[in-house]
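Here are a few exercises to work through with the structure open beside you. Try each task before you read its solution.

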Amino acid sequence: MPTYNVRMDVGEGPDGGEPMEFSDAQAARRDAQIAMTEMARDHIPGKRKAHLAVEIDDDKGAAIYRAKLEFSGYDGEEPETDPDQRHSNGPRE
């Protein structure tokens, strides 16, 4: 089975990676997507912001998959800082 280097990032930069065997690149990508959902479940609750990412390279070092998730939540206790809000239905006061 081919070996892929899988690096995870839970907001502190990618780790050194771990060699993992998968039947093919598609299986590695699917596993990465599942890992992202598990990382989100473990690292987002109770936070207002989170950055999660996964990177997979083949045995030659070529990138076969990159994914990231940027989470930003607003609980009403702080002013909204999302730059996309300025494009909403008018000015906020």
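**Exercise 1.** In this predicted model, decide whether aspartate 57 is buried or exposed, and find which side chain it meets in a polar contact.

*Solution.* Start with the location: aspartate 57 belongs to strand 3. Next, look at accessibility. The relative accessible area of aspartate 57 is 9%, and the cut-off for buried is under 20%, so aspartate 57 counts as buried. Then search for polar partners: the side chain of aspartate 57 makes a polar contact with the side chain of arginine 7, at 2.8 Å. Finally, list the surroundings. With neighbours within four places in sequence left aside, the contacts of aspartate 57 include Tyr4, Asn5 and Arg7, and also Ala62, Ala63, Ile64 and Arg66.

**Exercise 2.** Work out the strand order of the open sheet, and say which strands form its edges.

*Solution.* Take the pairings one by one.

- Strand 1 and strand 2 pair in the antiparallel sense over four bridges; here valine 6 stands opposite glutamate 18 in strand 2.
- Strand 1 also pairs with strand 3, antiparallel, over five bridges. Arginine 7 faces glutamate 55 of strand 3 across this pairing.
- Strand 3 (residues 49-57) and strand 4 are antiparallel too, with nine bridges, and valine 54 stands opposite alanine 67 in strand 4.

Put together, the four strands give the order 2-1-3-4. Strand 2 and strand 4 (63-72) are the edge strands, each pairing on one side only.

**Exercise 3.** What is the average turn between neighbouring strands of this sheet, and which strands does helix 1 touch?

*Solution.* With direction ignored, neighbouring strands are turned by 20 degrees against each other on average. Helix 1 packs on the sheet and touches strand 1, strand 2, strand 3 and strand 4. The direction of helix 1 makes about 160 degrees with that of strand 3.

**Exercise 4.** Search the whole structure for aromatic pairs: how many are there, and why does the pair of tyrosine 4 and phenylalanine 22 get its geometric label?

*Solution.* The search finds one aromatic pair. Its ring centres, in tyrosine 4 and phenylalanine 22, lie 6.1 Å apart, and the planes make 55 degrees, so the pair is tilted. Now place both residues: tyrosine 4 sits in strand 1 (residues 3-9), while phenylalanine 22 is in the loop between strand 2 (18-21) and helix 1 (25-43), so the pair ties together parts 18 residues apart in sequence. As a last check, tyrosine 4 and phenylalanine 22 are both buried.

Methods. Residues numbered from 1 in each chain as written. Predicted model: local features only at pLDDT ≥ 70, side-chain atom pairs only at ≥ 80, totals over all residues. Heavy atoms only, no water. Phe/Tyr/Trp six-rings, centres within 6.5 Å; stacked < 30°, edge-to-face > 60°. Helix = DSSP H or I, 4+ residues; strand = E, 2+ residues; numbered from the N terminus. Buried < 20%, exposed > 50% of the residue type's maximum accessible area, 1.4 Å probe, protein only. Pairing = 2+ DSSP bridges. Axes fitted to C-alpha atoms, helices over the stretch in contact; angles between N-to-C directions. Contact = heavy atoms within 4.5 Å. Polar contact = N/O pair within 3.5 Å; in protein donor to acceptor, adjacent residues only side chain to side chain.
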